Structures are given as structure tokens and as C-alpha cells.
Amino acid sequence: MRPAYPRLAAITLAIMITAAGCSGQPGPASLAPSPAPGVVRTEITPAVTDIVFLESAPGQVRLIVQGDLPNPCSQLGWYVKPGDDQGRIEVALYADQATDAACVQVVQPYSEPISIGTFERGSFVVLVNGQQVEEFTVP
């Protein structure tokens, strides 16, 4: 008779993975309004980011995001959660695509300036889909 430990370990691991996946923690794209019926939403990770300061008072700040959408039928979307008292600015970056769209599967480059707010002074970090991508200080 073989010991049950390897089998028990495999079952325990499977339960832990399932529980972690069902923990109820929403993804960063859940910051944005829900997509319309018949639309599937995918989180997008930008390949390049940059901060641009517009010459204005108070200072307007834009986050430039560049990368590739999964296909030409995808629409780039975002939602900016205003900065909190710790200077964290959260951006949900995603692609929406109609579920019934027949689309060639080639990547589609994008480059988009996203207004992330107007700031008087302080230090800030910018997170895109939960990952810190930039930081800046307004003197």
C-alpha cells in the first residue's frame, strides 16, 4: 500500500489555489465602471510610462502610457482614482472588446496621455493596475 501523503499534498495545494483565486479581491480594473453587456474587459500593462507636467497653475499632470492592445478591435480605456492622503494615484488601464467581434489577432500599438489630476504640492506615486510605474513631486 502506498502512502497517501503525495495525494493529500496535491489536494491541499489545489484547495489553496482555488481559495486564493476566489478570495473576492477585485482586480485593479474593477475601479472602472462595469463594461457594457456583450463586452469583455482585459487589464492592459503599458510597456512605457512617463509623467508630463503642463504649464499651468495649479499644475496639471498627465501620465503617458504606451504599449500594445491585443488586437485592432480592442478599445483602450482607463479610470483614474484621485490621489489619496498618502499621495497614491491609482489608474485602471484596460481594453474593451465586443464578444461577438471577429478580429484579426495582431497587436495594435497605442500611445495615450491620461490626465491624472491637478496638484498644488506634494509627493505622489502612480500605480497602473496595482503596479507602481511613476513617482513625482510638485514643489
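This report walks through the predicted model above, from its overall make-up to a few individual residues.

## Overall make-up

Let us start with the chain as a whole. Its secondary structure consists of one helix and eight strands. Read from the N terminus, the order of elements is α-β-β-β-β-β-β-β-β, so the helix comes before the strands.

Of the 139 residues in the chain, 27% are buried. The accessible surface amounts to about 9200 Å², and carbon and sulfur atoms account for 56% of that area. Contacts across the sequence are worth a look too: taking those between residues at least 6 apart, 63% join residues at least 24 apart.

## The three-stranded sheet

Strands of a sheet pair through backbone hydrogen bonds, either parallel or antiparallel. Here, three strands make an open sheet in the order 2-3-6, and their pairing is antiparallel. Strand 2 (48–54) and strand 6 (108–119) are the edge strands, each pairing on one side only. From one strand to the next, the twist averages 20°.

Within this sheet, strand 2 and strand 3 (residues 59–69) run antiparallel and are joined by seven bridges. If you would like a place to begin tracing that pairing, find Leu-54, which stands opposite Gln-60 in strand 3.

## The hairpin of strands 4 and 5

Next along the chain come strand 4 (residues 75–81) and strand 5 (residues 88–98), which pair in the antiparallel sense over seven bridges. Val-80 and Val-91 face each other across this pairing, with Val-91 in strand 5. The two strands form a hairpin with six residues between them, and Gly-87 in this hairpin takes a positive phi near 75°.

Strand 5 also holds Ala-95, a residue that counts as buried because its relative accessibility is 2%, under the 20% cut-off. Which residues does Ala-95 touch, leaving aside those up to four places away in sequence? They are Val-40, Arg-41, Thr-42, Ile-44, Leu-69, Pro-70, Ser-74 and Gln-75. Ile-44 deserves a second glance: 51 residues separate Ala-95 from Ile-44 in sequence, yet their C-alpha atoms are 6.4 Å apart in space.

## The disulfide

A disulfide is a covalent bond between the sulfur atoms of two cysteines. A search of the whole structure turns up one. The partners are Cys-73 and Cys-103, whose sulfur atoms are 2.2 Å apart. The link of Cys-73 and Cys-103 is right-handed, with 100° about the S-S bond. This pair links distant parts of the chain, 30 residues apart: Cys-73 is in the loop between strand 3 and strand 4, while Cys-103 is in the loop between strand 5 and strand 6.

How accessible are the two cysteines, Cys-73 and Cys-103? Cys-73 has a relative accessible area of 27%, so it is partly exposed. Cys-103 has a relative accessibility of 18% and therefore counts as buried, the cut-off being 20%.

## Aromatic residues

The structure holds four aromatic pairs. In one of them, Phe-119 and Phe-124 are tilted, with 4.5 Å from centre to centre and 50° between the planes. Both Phe-119 and Phe-124 are buried. Phe-119 also pairs with Phe-136, this time edge-to-face, at 5.6 Å centre to centre and with 65° between the planes. That pair links distant parts of the chain, with Phe-119 in strand 6 and Phe-136 in strand 8 (residues 131–138), 17 residues apart.

Phe-119 has a relative accessible area of 10% and is therefore buried. Phe-136 counts as buried as well, because its relative accessibility is 6%. Stepping back, Phe-53, Phe-119, Phe-124 and Phe-136 form one aromatic cluster.

## The loop before strand 8

One more residue is worth a visit. Asn-129 lies in the loop between strand 7 (122–128) and strand 8. Although Asn-129 is not a glycine, it has a positive phi of about 50°. Is this loop residue, Asn-129, buried or exposed? With a relative accessible area of 10%, Asn-129 is buried, because that value is under 20%.

Notes. Residues are numbered from 1 along each chain as its sequence is written. This is a predicted model: local features need pLDDT of at least 70, side-chain atom pairs count only at pLDDT 80 or more; totals for chains, interfaces and linings use all residues. Side-chain values use heavy atoms; hydrogens and water are left out. Two strands pair if DSSP finds at least two bridges between them. Helices (H or I, at least four residues) and strands (E, at least two) are DSSP runs, numbered from the N terminus. Axes are lines fitted to C-alpha atoms, for helices over the stretch in contact, and angles run from 0 to 180 degrees between N-to-C directions. A disulfide is a pair of cysteine sulfur atoms within 2.5 Å. Buried means under 20% relative accessible area, exposed over 50%, partly exposed in between (1.4 Å probe, protein chains only). Contact means heavy atoms within 4.5 Å. Accessible areas come from the Shrake-Rupley method with a 1.4 Å probe; for residues, only the protein chains shown count as cover. Rings of Phe, Tyr and Trp (its six-membered ring) pair if their centres lie within 6.5 Å; planes under 30 degrees apart count as stacked, over 60 as edge-to-face and the rest as tilted.
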